[in-house]
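User: Could you take me through one part of this model slowly, so that I can follow each step on the structure? I would like to look closely at a single hairpin and then see what lies elsewhere in the chain.

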Amino acid sequence: MTTATTTATAGAPTTAPTLATYLDRNVHLLPQTDQLRALHTVVRDRNARREDFVFHAGRIIRLLTEAALDLLPFEPYDVTTPVGSTYRGLRFTRKLCGVPIIRAGESMEAELRAVVPGIRIGKILIQRDKTTKQPHLYYTALPDDIADRHVLLLDPMLATGGTALAAIEVLRELGVPEEHIVFVNFITVPEGITAVCERYPGVRIVTSAIEERLNENAYMVPGIGDFGDRYFGTDR
């Protein structure tokens, strides 16, 4: 696979023969502003205190959540203003569901609930075998009408793409159309993007950073470490 060259500090690609196929069509990268770079500077620092990591990661997750919601369908909804006029407005489609991939994806759940109070939340537990590196499905809890909903699939890390592909396959087997899935992702690499977009071209990905590559241990470079361990305080 031809990988892309990216800007490590900002997370934005500079030359990307493979990524160019997907950017803005399948992949929605947050604007690489100075503010976002400053937030990433904190969460990427290996010496960051956990409370600082959690706070600054939460701010980025809120930006990702807002961007993901903007990709979902809206329906007309008129309201009467305080002066008695009609405002021809919009509202979210009511058929939404957030689905965190346990455990790291649960770090993104609170921000989604803050933006969309009362949203249905499902769960998928997929763990990768430490020897074979293959993902295994252990648990699902999803609404009975998941096939009729637009799904925000939540997981901060998209590296090789194995876990994401397994989770998307679960949703597809339950009847969720590819076009109804938005994968909300904190950080990714060209390899992961290619894996997901080639297999499920209808799925859209929202991310805040695209890293340079995976190293020989399948860790992202320059990377952020294990997001779930750092967020929940189980890192050593």
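Analyst: In this predicted model, strand 4 and strand 5 form a hairpin with five residues between them, and in the turn G84 has a positive phi of about 90°. Strand 4 covers residues 74-80 and strand 5 covers residues 86-92; the two run antiparallel and are joined by seven bridges. To follow the pairing by eye, start at V79, which stands opposite Y87 in strand 5.

Strand 5 also holds L90, and this residue counts as exposed because its relative accessibility is 61%, where exposed means over 50%. Together with F74 and F92, L90 makes a nonpolar surface patch of about 280 Å².

In soluble globular proteins, nonpolar side chains tend to be buried together. For buried residues of this kind, turn to the largest nonpolar core, which has 34 residues, and in which L64, L152, V182, V184, F186 and F227 touch the most other members. Several elements each supply at least two residues of this core, among them helix 1 (34-44), helix 2 (50-69), strand 10 (150-154) and strand 12 (181-185), while the largest share, seven residues, comes from helix 2. If neighbours within four places in sequence are left aside, L64 is in contact with L30, M108, V184, N185, F186, V206, T207 and S208. A second core, separate from this one, has 29 residues, including I101, I146, L158 and V176.

Conventions: Residues are numbered from 1 along each chain as its sequence is written. This is a predicted model: local features need pLDDT of at least 70, side-chain atom pairs count only at pLDDT 80 or more; totals for chains, interfaces and linings use all residues. Side-chain values use heavy atoms; hydrogens and water are left out. Two strands pair if DSSP finds at least two bridges between them. Helices (H or I, at least four residues) and strands (E, at least two) are DSSP runs, numbered from the N terminus. A nonpolar core is a set of buried Ala, Val, Leu, Ile, Met, Phe, Trp, Tyr and Cys residues joined through side-chain atoms within 4.5 Å. Buried means under 20% relative accessible area, exposed over 50%, partly exposed in between (1.4 Å probe, protein chains only). Contact means heavy atoms within 4.5 Å. Patches are made of residues with over 30% relative accessible area and no salt bridge: like charges are joined within 9 Å, nonpolar side chains (Val, Leu, Ile, Met, Phe, Trp, Tyr) within 5 Å. Accessible areas come from the Shrake-Rupley method with a 1.4 Å probe; for residues, only the protein chains shown count as cover. A salt bridge is a side-chain nitrogen of Lys or Arg within 4 Å of a carboxyl oxygen of Asp or Glu.
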